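Got the viewer open? Load the model, colour it by secondary structure and keep the selection box handy.

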Amino acid sequence: MLKKLKQELKWNSCLLALLGSAILAFGLYNIHSISNVTEGGVLGLTLLLHHWFGISPSASGAVLNLACYLLGLRTLGVSFLAYSLLSGGGFSLFYAIFEQFPPIWPQIAEHPLIAAIVGAVFVGVGAGLSVRAGGAPSGDDALAMSLSRLLHQPIERIYLISDLIVLAMSVSYIPLPRLAYSLLTVILSGQIIGFIQRIGAPVPEPAAES
């Protein structure tokens with residue numbers, strides 16, 4: 001099985017997955033973690049755990065991601081799991097590195113609208129590149145890809161549902177006005193992920209009229 005997996009994995013996809021995880025970790029640390037503009041899914045859960053229990057997202061993200069990857073393994077295959085472990089491990093590593101330095105622009109916390117938009121770009125591009133490579137940097141990406149295939153629904157729609165659940169939980173520590181910005185960022189990031197995933201994909205032909 002390992003020999004077959006080596007044949008399936010591609011170096012360019014591995015590098016793309018790592019690049020995506022680095023962009024994602026950079027945006028999450030420098031924008032979301034200091035602005036009270038949260039993300040949904042597992043990313044939002046890591047921020048919630050960091051706020052209430054002081055658990056670093058580099059640790060909680062690794063545990064939650066692994067659990068979701070195992071759930072999606074049957075649907076998405078072994079190569080997906082390999083790319084996902086690379087992306088998820090890369091995210092935890094890059095986040096731990098970024099934690100060694102102060103945030104680049106801490107004043108962004110005073111501009112939630114900018115934080116919501118710029119954060120969505122980092123999350124959307126970072127996660128989108130990893131998804132395009134064939135893996136998922138976080139567990140909610142794995143679940144979204146799996147459910148999208150099973151339910152034949154656009155991946156951005158799956159993201160929105162899971163994000164809304166986490167945002168509802170985030171009411172426990174984020175003021176409602178800030179949650180409005182969080183809703184903006186999850187909608188934008190989901191759309192960006194879907195857009196990057198579809199770049200170069202064949203356009204389905206219209207059904208023939210009877």
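What follows is a walk from the whole chain down to single residues.

**Before you click**

You're looking at a predicted model, so to speak with care: local features need pLDDT of at least 70, side-chain atom pairs count only at pLDDT 80 or more, and totals for chains, interfaces and linings use all residues. Residues are numbered from 1 along each chain as its sequence is written, and side-chain values use heavy atoms, with hydrogens and water left out.

**Stop 1: the whole chain**

Start with the cartoon. There are 9 helices and 0 strands, where helices (H or I, at least four residues) and strands (E, at least two) are DSSP runs numbered from the N terminus. The pattern along the sequence is therefore easy to read off: α-α-α-α-α-α-α-α-α.

Now switch on the surface. About 10,900 Å² is exposed, and carbon and sulfur atoms supply 70% of that; the areas come from the Shrake-Rupley method with a 1.4 Å probe, and for residues only the protein chains shown count as cover. Of the 210 residues, 45% count as buried. Here buried means under 20% relative accessible area, exposed means over 50%, and partly exposed is in between (1.4 Å probe, protein chains only).

As for contacts (heavy atoms within 4.5 Å), take those between residues at least 6 apart in sequence: 79% of them join residues at least 24 apart.

**Stop 2: helix 2 and the end of helix 6**

Select residues 11–35, which is helix 2, and pick out Asn12. Asn12 is exposed, with a relative accessible area of 54%. Ser13 is also in helix 2, but at 14% relative accessible area Ser13 is buried.

What does Ser13 touch, leaving aside residues up to four places away in sequence? Show Tyr83 and Ala133 to see the answer. Ala133 turns up again if you draw a distance from Asn12: their C-alpha atoms are separated by 8.2 Å, although the two are 121 residues apart along the chain.

Next, select helix 6, residues 112–133. Its 22 residues reach 31 Å from first C-alpha to last, close to the 32 Å expected at 1.5 Å a residue (the expected span is 1.5 Å times one less than the number of residues). Gly134 follows helix 6, with a positive phi near 110°.

**Stop 3: helix 3 and the loop after it**

Go to Leu47 in helix 3. With 7% relative accessibility, Leu47 counts as buried. Measure across to Leu28 and you should get 9.1 Å, C-alpha to C-alpha, for a pair 19 residues apart in sequence.

Then move to Ser56, in the loop between helix 3 (41–53) and helix 4 (57–76). Buried or exposed? Ser56 counts as buried, at 19% relative accessibility. Beyond residues up to four places away in sequence, Ser56 touches His50 and Glu99. The side chains of Ser56 and Glu99 also share a polar contact of 3.1 Å. That term covers a pair of N or O atoms within 3.5 Å; within protein, one must be able to donate a hydrogen and the other to accept it, and residues adjacent in sequence count only if both atoms are side-chain atoms.

**Stop 4: a greasy spot on helix 7**

Show Leu71, Leu143, Leu147, Leu150 and Leu151 as spheres: together they form a nonpolar surface patch with about 470 Å² of accessible area. Patches take residues with over 30% relative accessible area and no salt bridge, joining like charges within 9 Å and nonpolar side chains (Val, Leu, Ile, Met, Phe, Trp, Tyr) within 5 Å. Helix 7 (residues 139–151) gives the most, with 4 residues. One of the patch leucines, Leu147, lies in helix 7 and counts as partly exposed at 36%.

**Stop 5: past helix 7**

Click His152, in the loop between helix 7 and helix 8. His152 has a positive phi of about 55° although it is not a glycine. Most residues other than glycine have a negative phi. His152 is exposed, at 70% relative accessible area.

Last selection: Arg198 and Glu156. How many salt bridges does the structure hold? The count is 1, taking a side-chain nitrogen of Lys or Arg within 4 Å of a carboxyl oxygen of Asp or Glu. Arg198 pairs with Glu156, with the closest N and O atoms 3.0 Å apart. Arg198 is in helix 9 (residues 176–198) and Glu156 in helix 8 (residues 155–169), so the pair ties together parts 42 residues apart in sequence. Arg198 is partly exposed at 43% relative accessibility, while Glu156 is buried at 15%.
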